[in-house]
Amino acid sequence: MKVTFPHMGHMWICLKAMLQYLGVEVVVPPSCSKKTLTLGTKHAPEFACMPLKLNLGNFMEAYELGADTIIMAGGCGPCRFGYYAYSENEILKDLKYNFNLIVLEPPEKHFSEFLIKIKQITGNRSWYQVIKGIRFGFLKAKAVDEIERLSFKIRPRELVAGSTDMAFQQALAEIDRAKTPQELIINIEQAKNIMSSIEIDQIKPVLKVGIVGEIYTLLEPFSNQNIERLLGKLGVEVDRSIYLSEWINDHLFMGLIKKMSNREETCRAARPFLNHFVGGHGEETIGSTVLYSEKGYDGVIQLLPFTCMPEIVAQSILPKVSEKLGIAVMTLIVDEQSGEAGLLTRLEAFVDLIAQKKKQKEALA
């Protein structure tokens, strides 16, 4: 069995670690690229959203590298993501790509439902080994998130342009290199040392922007045109409303790990603007915007793929949130026609707007 999975940001590091720890052969697809998107767009339904098209391209590229089994997350609710794995598998079958599909549905009642799915891949490994493998993958997801948060703080303050990007890639490689939990502890320290070696201007004033929206578009840099990097270069410190380790804890571990940010807290903050589940991360988009406003952020950017229903619902509510809380909000919709130049122009205009707004506030204070 040679297992592959779709890309979603740096998720490949934790999935690869978990599977290899359990003795499963892994085929990591090439990073998302124009070729990936072109392959997916050619064979996907026209009105499918960008994540489906990129997933499809990932699987086709992985098949050429020898992959024969796909593992993919499932879902439920108004968002179409819940049937993406099955739709993609049918499209691949029609194209004569013969994969074995394993869908990791969010457990409805107990964490053991998730473990049983993992056992389909790992065969006769003991439950103890399976749990250790999952824990190892999760520790890597936490480590990647921690390093990524550091990069968000450092990038707008760096003295040498591009030094954060270079250090971040080196730090990720350190985390990816660890083969055991013991090695990972050492490599996390090395990764942090790499990040702390970047020269920065500690007193430079920066703007702060929260990024909210649909999870795939938030986490996958190819789909969002590296928006965090572009904002960092414009002198903006960003934070993301969703990190991979938090999503794993909320949706696969059923919130077993306490002391982590969770969706319940965020959804509570969405009231009274939105009082019920609308699918995907629509509630979290509203709740996170409220929380960013309370934390004094200068602006919020909502990201969504074209035709994403839950985020369209959230988009229609955000102007009220912006007006009532006095925080600037911009929505960006991405699809296969999106280009970096157009995105950069809009970001520059938004950053100018919130900078001006901040100056006015400070003058009146």
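The lining of the largest cavity in this predicted model is made up, by class, of six nonpolar, two polar and three charged residues. The residues concerned are M8, G9, H10, M11, A141, V144, D145, E148, L219, R240 and L244, and the space that they line has a volume of about 80 Å³. Helix α6, which covers residues 127-154, gives the most to this lining, with four residues. Rolling a probe the size of a water molecule over the atoms shows where empty space is left. When cavities of 30 Å³ or more were counted in this way, the count came to one.

Strands β1 to β4 were found to form an open sheet, in which the order is β2-β1-β3-β4 and the pairing is parallel. The edges of this sheet are taken by β2 (25-26) and β4 (100-104), each of which pairs on one side only. In general, the strands of a sheet pair through backbone hydrogen bonds, and they may do so either parallel or antiparallel. In the present sheet, strand β3, formed by residues 69-73, runs parallel to β4 and is joined to β4 by five bridges. Within this pair of strands, T69 stands opposite N100 of β4.

Helix α3 comprises 15 residues, from 50 to 64, and the distance from its first C-alpha to its last is 22 Å, which is close to the 21 Å expected at 1.5 Å a residue. Of these 15 residues, 13 are buried, and α3 is therefore largely enclosed by the rest of the structure. The helix is followed by G66, for which the phi angle is positive, with a value near 110°.

A search for disulfides across the whole structure returned zero. Two cysteines, C14 and C49, may be considered in turn. C14 takes part in no disulfide, and the nearest cysteine sulfur, which belongs to C32, lies 15 Å away. The relative accessibility of C14 is 7%, and because values under 20% are classed as buried, C14 counts as a buried residue. C49 is likewise in no disulfide, the nearest cysteine sulfur being that of C308, at 6.6 Å. Since a disulfide requires two cysteine sulfur atoms within 2.5 Å, the 6.6 Å between the sulfur atoms of C49 and C308 does not meet the criterion. The relative accessible area of C49 is 7%, so that C49 is also assigned to the buried class.

Definitions and conventions:
Residues are numbered from 1 along each chain as its sequence is written. This is a predicted model: local features need pLDDT of at least 70, side-chain atom pairs count only at pLDDT 80 or more; totals for chains, interfaces and linings use all residues. Side-chain values use heavy atoms; hydrogens and water are left out. Helices (H or I, at least four residues) and strands (E, at least two) are DSSP runs, numbered from the N terminus. The expected span of a helix is 1.5 Å times one less than its number of residues. Buried means under 20% relative accessible area, exposed over 50%, partly exposed in between (1.4 Å probe, protein chains only). On a 1 Å grid over the protein atoms alone, a cavity is a set of points where a 1.4 Å probe fits but cannot get out, and a pocket is an open set with protein on both sides within 12 Å along at least five of seven lines; lining residues have an atom within 4 Å of a point. Grid points are joined across faces, edges and corners, and a volume is the space filled by probe spheres set on the points. Ala, Val, Leu, Ile, Met, Phe, Trp, Tyr, Cys and Pro count as nonpolar, Asp, Glu, Lys and Arg as charged, and the others, Gly among them, as polar. Two strands pair if DSSP finds at least two bridges between them.
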